[in-house]
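Reader: I should like to go through this protein and its DNA step by step. May we begin with the packing of the chain and then turn to the nucleic acid?

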Amino acid sequence: MKPYTLRVITIIKSIPAGSVMTYGQVAAVAGSPRGARQVVRILHALSGIHKLPWHRVVNAKGEIAIKDEESRSLQMLHLQGEGVVLNAEGRIDLATYRYIPMDIDDDMDMNRDEDEDIL
DNA sequence: CATTTGACTTTCG
DNA sequence: ACGAAAGCCAAAT
């Protein structure tokens with residue numbers, strides 16, 4: 001198994017229940033800021049591993065990115081079972097549920113508002 | 001070897 | 001906030 005794949009697996013395994021990460025985030029932490037699609041590929045390969053919280057990985061919009069209806073529903077159920085709530089549009093409040101690995105040891109700038117279209 | 005494809009992301013209008 | 005277009009990277013055709 002490739003190191004990059006192992007890193008991605010490790011990162012995904014580190015996502016706590018009740019939180020989610022975007023593909024881009026995982027890719028960035030794994031060392032490839034533009035490698036979101038590679039994360040996708042790896043998840044395809046590991047889709048059968050239930051040791052891996054693959055359902056805690058969503059796209060940048062906070063939506064479930066899976067194409068397969070069954071897997072999509074399964075992921076939704078898993079998330080709800082972990083306490084993640086979906087809004088009326090079937091999306092996740094990334095501002096609330098996004099998991100941010102803490103690599104910084106200095107002061108952290110909290111309250112990073114996600115999407116403020118208004119203003 | 002050139003093209004297409006995909007569970008994506010970002011930017012622009 | 002949404003849709004379209006361009007970027008990006010690896011595997012499949």
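Reader: Leaving out residues up to four places away in sequence, which residues does I12 touch?

Author: The model discussed here is a predicted one. I12 is among the residues with the most contacts inside the largest nonpolar core. Not counting residues up to four places away in sequence, I12 touches V26, L43, L52, P53, W54 and V57.

Reader: How many residues does the largest nonpolar core have?

Author: V8, I12, V39 and I92 are the residues with the most contacts inside this core. In total, the largest nonpolar core has 29 residues.

Reader: Which element supplies the largest share of this core?

Author: Two or more residues of the core come from each of α1 (3-13), α2, α3, β2 (57-58) and α5 (94-97). The largest share, five residues, is that of α1.

Reader: In what order do the elements of chain A run from the N terminus on?

Author: Chain A contains five helices and two strands. Read from the N terminus on, the order is α-β-α-α-β-α-α.

Reader: What percentage of the contacts in chain A with a separation of 6 or more joins residues 24 or more positions apart?

Author: One pair distant in sequence is L52 and I15, which are 37 residues apart in sequence and 9.7 Å apart in space, C-alpha to C-alpha. For chain A, residues 24 or more positions apart account for this percentage of the contacts with a separation of 6 or more: 58%.

Reader: Is L52 buried or exposed?

Author: L52 is placed in the loop between α3 and β2. Apart from neighbours within four places in sequence, L52 is in contact with I9, I12, K13 and L46. A residue is buried under 20% relative accessible area. L52 has 5% relative accessibility, and therefore counts as buried.

Reader: Is M1 buried or exposed?

Author: M1 belongs to the segment before α1. Not counting residues up to four places away in sequence, M1 touches L6 and I9. The cut-off for exposed is over 50% relative accessible area. The value for M1 is 70%, so M1 is exposed.

Reader: Which residues is T22 in contact with, leaving aside its neighbours within four places in sequence?

Author: T22 lies in strand β1 (residues 21-22). T22 counts as buried, because its relative accessibility is 10%. Leaving aside neighbours within four places in sequence, the contacts of T22 are V57, V58, N59, A60 and L94.

Reader: What covers the buried residues of α2?

Author: The buried residues in α2 are Y23, Q25, V26, A27 and A30. Just after this helix, G31 takes a positive phi of about 115°. The cover over the buried residues of α2 includes α1, β1, α3 and β2.

Reader: Why do the buried residues of α3 line one face of the helix?

Author: V39, I42 and L43 are buried in α3. Seen down the helix axis, these buried residues line one face because they fall within an arc of 100°.

Reader: Which exposed residues are carried by the face of α3 turned away from its buried side?

Author: The buried residues of α3 pack against α1, α2 and β2. The face turned away from that buried side carries the exposed residues R37, R41, H44 and A45.

Reader: Which element gives the largest share of the surface near DNA strand B?

Author: At least two residues of this surface are supplied by each of α2 (23-30) and α3 (36-45). The largest share, six residues, comes from α3.

Reader: Which residues come nearest to DNA strand B?

Author: The residues of the surface near DNA strand B divide into eight nonpolar, five polar and three charged. Of the 16 residues around the strand, those that come nearest are Y23, R37, A60, A65 and K67.

Reader: Which residue has a side-chain N or O atom 2.9 Å from a base nitrogen of DNA strand B?

Author: Sugar or phosphate accounts for 45% of the atoms of DNA strand B within 4 Å of the protein, and bases for the rest. On the base side, the residue whose side-chain N or O atom is 2.9 Å from a base nitrogen is H44.

Reader: How far does a polar side-chain atom of K67 lie from a phosphate oxygen of DNA strand B?

Author: A polar backbone atom of A60 is 2.5 Å from a phosphate oxygen of DNA strand B. For K67, a polar side-chain atom is involved, and its distance from a phosphate oxygen of the strand is 2.5 Å.

Methods
Residues are numbered from 1 along each chain as its sequence is written. Chains are lettered from A and ligands numbered from 1 in the order in which they are written. This is a predicted model: local features need pLDDT of at least 70, side-chain atom pairs count only at pLDDT 80 or more; totals for chains, interfaces and linings use all residues. Side-chain values use heavy atoms; hydrogens and water are left out. A residue is near a molecule or strand if one of its heavy atoms lies within 4 Å of it. A polar contact is a pair of N or O atoms within 3.5 Å; within protein, one must be able to donate a hydrogen and the other to accept it, and residues adjacent in sequence count only if both atoms are side-chain atoms. Helices (H or I, at least four residues) and strands (E, at least two) are DSSP runs, numbered from the N terminus. Ala, Val, Leu, Ile, Met, Phe, Trp, Tyr, Cys and Pro count as nonpolar, Asp, Glu, Lys and Arg as charged, and the others, Gly among them, as polar. A nonpolar core is a set of buried Ala, Val, Leu, Ile, Met, Phe, Trp, Tyr and Cys residues joined through side-chain atoms within 4.5 Å. Buried means under 20% relative accessible area, exposed over 50%, partly exposed in between (1.4 Å probe, protein chains only). Contact means heavy atoms within 4.5 Å. The arc is that of the directions from the helix axis to the C-beta atoms.
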